[in-house]
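Reader: I am new to this structure and would like to be led through it step by step. Could you show it to me, and then take my questions one at a time?

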Amino acid sequence: MTPSVSSHPAAADKPTYITNQIIDVAALLSQYEDEAAGAVVLFNGTVRNQSLGKPVDYLFYEAAETMAYKMINDLLQEAQEKWHLTTVFAVHRIGKVYVGESAVVVITSSPHRKEAYDANQYIIEKIKHELPLWKCEYFTDGTKKWGGNCSCQEITGNPNQHIYDI
Amino acid sequence: MKVKVYAVLKDYFAAETEIVAQNITDLKEQLLQLNPSAKEVINLSRFAVNDAFVENNHQINENDTISIIPPSSGG
């Protein structure tokens, strides 16, 4: 049997990893409560009000959805196995996301805190560097800029190799 | 074959086009003929055939869907 990436029965069928709806962080945290866990780490990536020294109006996120979905699913499973997590979940917004809203949430639980922290950081780094998903920043002055968080290849010389791989 | 581009690449190419190419290297050359100013971003992008990443020498079949994936900027 393939282990589920979530210990939550309601989310076990087909979890929502990519959504165009507002992420309710408090509701998610309560949905993924886990009595086997002594440590729950929740990373909440939010849209800040300025970037490149300019006021931000909103961000627009686009994904290669089928590829991104599978990559998140594989990533959560990998993290669960590596750190023996009792719960693991991640969700990323697409479409317009306004200042203050959550763009991405990662939840990891484990009996003790080190595993939950390490796994959470691993997952968010992979999401930022490797997920086929992109942000476009729209500024209040009417300009826009497609984001490039991942510039690792300028250092590694290989688009498939990131700074944490070397 | 169908070629889909995403994010910043849509500033250079139509979101979806039909291109006949032998392999990924051939496809890259054709894209750069269509729009030479895309060179930098094409060289930084990864290529996927039917949702799986491939290398430059990967042979492309008529019914394949190719996705061109620029550097990620999630989070």
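Reader: In what order do the elements of chain B run from the N terminus on?

Author: Please keep in mind throughout that this is a predicted model. Chain B holds two helices and five strands. Read from the N terminus on, these elements of chain B follow the order β-β-α-α-β-β-β.

Reader: What is the radius of gyration of chain B, and what does the globule rule give for 75 residues?

Author: The C-alpha atoms of chain B fill a box of roughly 30 × 30 × 20 Å along the principal axes. The globule rule gives 11 Å for 75 residues, and chain B comes close to that value, so it is as compact as a globular protein of that length. The radius of gyration of chain B is itself 11 Å.

Reader: What share of the residues of chain B count as buried?

Author: A residue counts as buried when its relative accessible area is under 20%. As for the surface, chain B exposes about 3800 Å², of which carbon and sulfur atoms supply 44%. Of the 75 residues in chain B, the share that counts as buried is 47%.

Reader: How far apart do the centres of the positive and negative side chains of chain B lie?

Author: Chain B carries 6 positive side chains and 10 negative ones. When the centre of each of these two sets is taken, the distance between them is 6 Å.

Reader: Which residue of chain B, other than glycine, has a positive phi near 50°, and is it buried or exposed?

Author: The residue in question lies in the loop between strand S1 (2–5) and strand S2 (16–18) of chain B. Its relative accessible area is 2%, and with the limit for buried residues set at under 20% it counts as buried. The residue with this positive phi is B:Ala7.

Reader: In what order do the elements of chain A run from the N terminus on?

Author: Chain A is built from four helices and nine strands. From the N terminus on, the order in chain A is β-α-β-β-β-α-β-β-β-α-β-β-α.

Reader: Among the contacts in chain A with a separation of 6 or more, what percentage is accounted for by residues 24 or more positions apart?

Author: For chain B, 50% of the contacts between residues at least 6 apart in sequence join residues at least 24 apart. In chain A, residues 24 or more positions apart account for a share of 72%.

Reader: How many aromatic pairs are there over all chains, and at what angle do the planes of A:Tyr17 and A:Phe89 lie?

Author: The count over all chains comes to seven aromatic pairs. In one of them, the rings of A:Tyr17 and A:Phe89 have their centres 6.1 Å apart, and the pair is tilted because the angle between the planes is 40°.

Reader: How many residues apart in sequence are the parts that this pair ties together?

Author: A:Tyr17 lies in the segment before strand S1 (18–19) of chain A, whereas A:Phe89 belongs to strand S5 (residues 87–93) of chain A. Both count as buried, A:Tyr17 at 0% relative accessibility and A:Phe89 at 5%. The pair therefore ties together parts of chain A whose separation in sequence is 72 residues.

Reader: What kind of pair do the rings of A:Tyr58 and A:Tyr98 form, and how many residues apart are they?

Author: The centres of these two rings lie 5.6 Å apart and their planes meet at 50°, so the pair is tilted. A:Tyr58 is in strand S4 (residues 54–63) and A:Tyr98 in strand S6 (residues 95–98) of chain A, which makes this a link between distant parts of the chain, with a separation of 40 residues.

Reader: Is A:Tyr98 buried, partly exposed or exposed?

Author: Its partner A:Tyr58 has a relative accessibility of 13% and counts as buried. For A:Tyr98 the relative accessible area is 36%, so this residue is partly exposed.

Reader: Which residues do ring pairs link into a cluster with A:Tyr17?

Author: Apart from its ring contacts, A:Tyr17 is 4.2 Å from A:Val91, C-alpha to C-alpha, although 74 residues separate them in sequence. The residues that ring pairs link into a cluster with A:Tyr17 are A:Tyr32, A:Tyr69 and A:Phe89.

Note on methods:
Residues numbered from 1 in each chain as written. Chains lettered and ligands numbered in written order. Predicted model: local features only at pLDDT ≥ 70, side-chain atom pairs only at ≥ 80, totals over all residues. Heavy atoms only, no water. Rg over C-alpha atoms; globule rule 2.2 N^0.38 Å. Buried < 20%, exposed > 50% of the residue type's maximum accessible area, 1.4 Å probe, protein only. Contact = heavy atoms within 4.5 Å. Areas by Shrake-Rupley, 256 points an atom, 1.4 Å probe, with all protein chains shown as cover. Lys, Arg positive; Asp, Glu negative; His and termini not counted. Charge placed at Lys NZ, Arg CZ, Asp CG, Glu CD. Phe/Tyr/Trp six-rings, centres within 6.5 Å; stacked < 30°, edge-to-face > 60°.
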